[in-house]
Amino acid sequence: MEKKLTTPLFFSVLVTLFIASNAHHNASYGQTASADTTAASIDSLQRRRNVHGVLNAVGWGILMPLGAMIARYLKLFKSANPAWFYIHVVCQCSAYVIGVAGWATGVKLGIDNPVTFNESHRNVGMSLFSLATLQMFSLGLRPGPDHKYRLHWTIYHRLVAYAIIGLSVFNILSGLGLLEPDGRLWSGMFYLLAAYGVMSIILEIITWSIYIHRKRKNRKKNSDQNINRVNGANTRTQEDFV
């Protein structure tokens with residue numbers, strides 16, 4: 001009787017141990033699979049954030065200011081005309097396409113991951129996209145060089161361009177703060193933008209120096225022509241009198 005009771009009890013203990021072991025294995029596997037899925041999701045999110053940052057840095061932070069500097073400083077030299085205009089257009093169009101791609105990835109990130117949403121960064125990005133789009137379409141309304149509204153269009157074009165560059169620099173630096181990249185990447189982008197700023201100041205001084213020099217030269221030339229014209233008229237008057 002004792003033997004008969006012992007045998008089923010032994011098998012029941014084995015079955016219980018087997019079930020417990022299998023349940024523990026399934027639970028461990030489930031936790032591992034869940035952890036792997038979470039890790040993959042985090043990696044995918046970080047990858048998309050990196051793509052968003054790189055596209056915006058290249059479009060708004062590198063090509064856009066470069067195109068503006070070309071338009072501002074190369075057109076001063078007659079030998080660069082009209083090459084500077086086509087280089088300017090290529091830079092700005094490329095910057096717009098790449099920047100809009102970066103903007104679109106940012107919008108998608110905000111939809112998919114509302115937890116990482118930053119209202120200030122998004123609002124500046126929306127303003128930047130709107131101004132850049134307005135600027136691109138305004139190129140089709142560019143008056144001719146001798147048109148009476150050309151000066152008004154030029155003032156508008158420059159003011160919007162400066163606003164775009166200012167918003168670009170602000171949003172790129174704030175985005176890098178949110179992205180928290182490697183310190184070298186943040187420093188590299190900061191020094192690049194700072195180099196753009198220093199070059200712009202130097203080129204602005206050179207541009208105004210050349211402009212003032214040409215203005216004085218033209219004024220002196222016109223003054224000499226007026227003096228010669230007056231002297232010529234006086235000479236003719238004296239000859240007529242004689």
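## A walk through a five-helix chain

Start with helix 3 and select its buried residues: His121, Val124, Gly125, Leu128, Ala132, Thr133, Gln135 and Ser138. Keep in mind as you go that this is a predicted model.

With helix 3 still selected, put a distance between its end C-alpha atoms. The helix covers residues 119-138, and those two atoms sit 29 Å apart. Its 20 residues at 1.5 Å each should span 28 Å, so the model and the expectation agree.

Now zoom out to the whole protein chain. What is it built from? Five helices and zero strands, which read along the sequence as α-α-α-α-α. Colour by burial and you'll find that 21% of the 242 residues count as buried. Switch on the surface: about 17,100 Å² is accessible, and carbon and sulfur atoms own 68% of that. If you draw contacts, look at those with a separation of 6 or more: 75% of them come from residues 24 or more positions apart.

Next stop, the rings. How many aromatic pairs does a search of the whole structure find? Five. Pick Trp103 and Phe129, a stacked pair with 3.9 Å centre to centre and 5° between the planes. Trp103 belongs to helix 2 (residues 83-112) and Phe129 to helix 3, so this pair ties together parts that are 26 residues apart in sequence. Click on Trp103 alone: its relative accessible area is 24%, so the residue is partly exposed.

For a contrasting geometry, select Phe190 and Tyr191. Their ring centres are 5.7 Å apart with the planes at 70°, and because an angle over 60 counts that way, the pair is edge-to-face. Is each ring's residue buried or exposed? Phe190 is partly exposed, at 37% relative accessible area, while Tyr191 reaches 57% and is exposed.

Before leaving the aromatics, select Trp84, Phe85 and Tyr86, which ring pairs link into a cluster.

Last, go to helix 5, residues 183-241, and find Val198 there. Val198 has 47% relative accessibility; the partly exposed class runs between 20% and 50%, so that is where Val198 falls. Now add Met199, Ile202, Leu203 and Ile206 to the selection and show the surface again. Together with Val198 they make a nonpolar patch on the surface, with about 400 Å² of accessible area between them.

How values were computed: Residues numbered from 1 in each chain as written. Predicted model: local features only at pLDDT ≥ 70, side-chain atom pairs only at ≥ 80, totals over all residues. Heavy atoms only, no water. Patch = residues over 30% accessible without salt bridge, like charges linked within 9 Å, V, L, I, M, F, W, Y side chains within 5 Å. Areas by Shrake-Rupley, 256 points an atom, 1.4 Å probe, with all protein chains shown as cover. Salt bridge = Lys/Arg side-chain N within 4 Å of Asp/Glu carboxyl O. Helix = DSSP H or I, 4+ residues; strand = E, 2+ residues; numbered from the N terminus. Buried < 20%, exposed > 50% of the residue type's maximum accessible area, 1.4 Å probe, protein only. Contact = heavy atoms within 4.5 Å. Expected span 1.5 Å × (residues − 1). Phe/Tyr/Trp six-rings, centres within 6.5 Å; stacked < 30°, edge-to-face > 60°.
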